[in-house]
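I set out to record what I looked up in this structure, entry by entry. The entries begin with one residue and widen to the chain.

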Amino acid sequence: MNNTFIPQAVDIVKQAIDYDNLGEYEKALQLYQKALEYFITGLKYEQNPASKKIISDKVVGYMNRAEEIKKSLADSANKPSGSGGAKTMSRDESKGKDSKEDDEKGKLRGALSSAIVSEKPNVKWDDVAGLEGAKEALKEAVILPTRFPQLFTGKRESESSRRIKTEFLVQMDGVGSAQGGVLVLGATNVPWELDPAMRRRFEKRVYIALPECSARTGMFKMNLGDTPHSITDEQFQHLGEASEGYSGSDIKVVVQEALMEPLRKCQYAKQFVRDPAGNCYPCEDYPNCPHCPMSLHEPLAGEECAPPGVKTTCRYCGAERMSLYDVEPEKLVVPLIGYGDFEKALQRAHSSVGNDELTRFVQWTEEFGQEG
């Protein structure tokens, strides 16, 4: 993805600085705030660590300046008439003032910005395998009240259709004063550590259980994506059955491990077979056939052997003895992902969720939550 947010933020902040220098603080504040939104979004997509550090430092400076202007404008608006008019403010005037409070606000803003979804993700309900109960709970709590508000009137009025203003949100700068809807969606893998008062603030407490067999089968397909493979639907079903107790993250790891198997076949192959077009396919077994000349330092009695380091081609199967680095890059054909690759990956992988953890989740759900 081409990150265009940072250049746009730079252009906007330049305008903000110009208005700031001219003393037009209201316009400057609006532009600073707009630029900060672009900066924060752009930082999520910035891949260069050095650039990310430089931009983050700049953002902190712009954020502090915006707070200074906001405070000054608020003080001017609250000042009684006849007290000398609005006070202008230089860029260095309020430095060092209330530094401890500003640092705390900065940390809070940083924590909030990392948790706020500022862009609409391109994820559909069908993209989530299984979890039908959790999907229905989310639809009931979020989608239906927004799309069909007439369903949630009178005694059916839903908390998610109104502004959610718990005490801890009211204390957050700016959140409590918004007039639009605010939805708080949290996730934790240690729900038993939630403060009881905090737990009661959330209307829905849904347990997302480990995926069932059909969901695991779908996850293998989704994680494999459009990668060429030779796996049948029946074999995908077997993978779903063999991965009982695996989480979605565990299955992703298994798929990533299986995707490396064709590379390893090429890397460790000692023979390659060429097709009529000259393309090279790695041989999984060595020797490829009983008649292939072996690479031995001392020939055994009765065997046809070739000296080490010398390319030889078997007269029977056509396999040529060489390593991956002897193959022309444009001639190498990567093997398709096969069912055997996943079998090897599953032999090396293990579930990351223990039975004791699952028992504790179930007990907490029975007491405070609902099944997803």
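Entry 1, an aspartate in a helix. I began with D341 and noted that the model is a predicted one. I located D341 in helix α12, which spans residues 339–348. I then asked whether D341 is buried or exposed. Its relative accessible area is 2%, and because the cut-off for burial is under 20%, D341 counts as buried. I next looked for a polar partner and found the side chain of K265, which makes a polar contact with the side chain of D341 at 3.1 Å. Leaving out residues up to four places away in sequence, I listed A258, E261, P262, K265 and L336 as the residues that D341 touches.

Entry 2, the helix pair around this residue. I turned to the packing of α11, residues 261–268, against α12. I recorded an angle of about 100° between the two helices, and their axes are 10 Å apart. I therefore describe α11 as roughly perpendicular to α12. On the α11 side I found E261, P262, R264 and K265, which meet D341, K344 and R348 of α12.

Entry 3, helix α8. I took residues 213–224, the twelve residues of α8, and checked the span of this helix. From the first C-alpha to the last it reaches 17 Å, close to the 16 Å expected at 1.5 Å a residue. Which residues of α8 are buried? I listed A215, R216, T217, M219, F220 and L224. I then looked at what covers these buried residues, and the cover includes α9 (233–242), α10 (248–259) and α12. Helix α12 thus appears again, here as part of the cover over α8. After α8 comes G225, for which I noted a positive phi, near 60°.

Entry 4, a proline in the loop after α8. I found P228 in the loop between α8 and α9. Its relative accessibility is 53%, and P228 is therefore classed as exposed. I listed L336 and I337 as the residues in contact with P228, leaving aside neighbours within four places in sequence. I also checked P228 against V334: the two are 106 residues apart along the chain, and their C-alpha atoms are separated by 9.9 Å. L336 had already come up in my notes as a residue touched by D341.

Entry 5, the nonpolar cores. I looked up the largest nonpolar core and counted 20 residues, with Y32, F39 and V59 having the most contacts inside it. At least two residues of this core come from each of α1 (5–22), α2 (25–45) and α3 (49–78). Which helix gives the most to this core? I found that α2 does, with nine residues. Apart from this core lies another, of 16 residues, and I noted F236, L239, V255 and F342 among them.

Entry 6, a cis peptide bond. I recorded a cis peptide bond between Y286 and P287, with omega about 0°. I placed P287 in the loop that runs between β3 (280–282) and β4 (294–295).

Entry 7, the chain as a whole. I recorded 13 helices and seven strands in the secondary structure of the chain. Of its 372 residues, 27% are buried. I closed with the contacts between residues at least 6 apart in sequence: 63% of them join residues at least 24 apart.

Key:
Residues are numbered from 1 along each chain as its sequence is written. This is a predicted model: local features need pLDDT of at least 70, side-chain atom pairs count only at pLDDT 80 or more; totals for chains, interfaces and linings use all residues. Side-chain values use heavy atoms; hydrogens and water are left out. Buried means under 20% relative accessible area, exposed over 50%, partly exposed in between (1.4 Å probe, protein chains only). A polar contact is a pair of N or O atoms within 3.5 Å; within protein, one must be able to donate a hydrogen and the other to accept it, and residues adjacent in sequence count only if both atoms are side-chain atoms. Contact means heavy atoms within 4.5 Å. A nonpolar core is a set of buried Ala, Val, Leu, Ile, Met, Phe, Trp, Tyr and Cys residues joined through side-chain atoms within 4.5 Å. The expected span of a helix is 1.5 Å times one less than its number of residues. Axes are lines fitted to C-alpha atoms, for helices over the stretch in contact, and angles run from 0 to 180 degrees between N-to-C directions. Angles under 35 degrees count as roughly parallel, over 145 as roughly antiparallel, 65 to 115 as roughly perpendicular and the rest as oblique.
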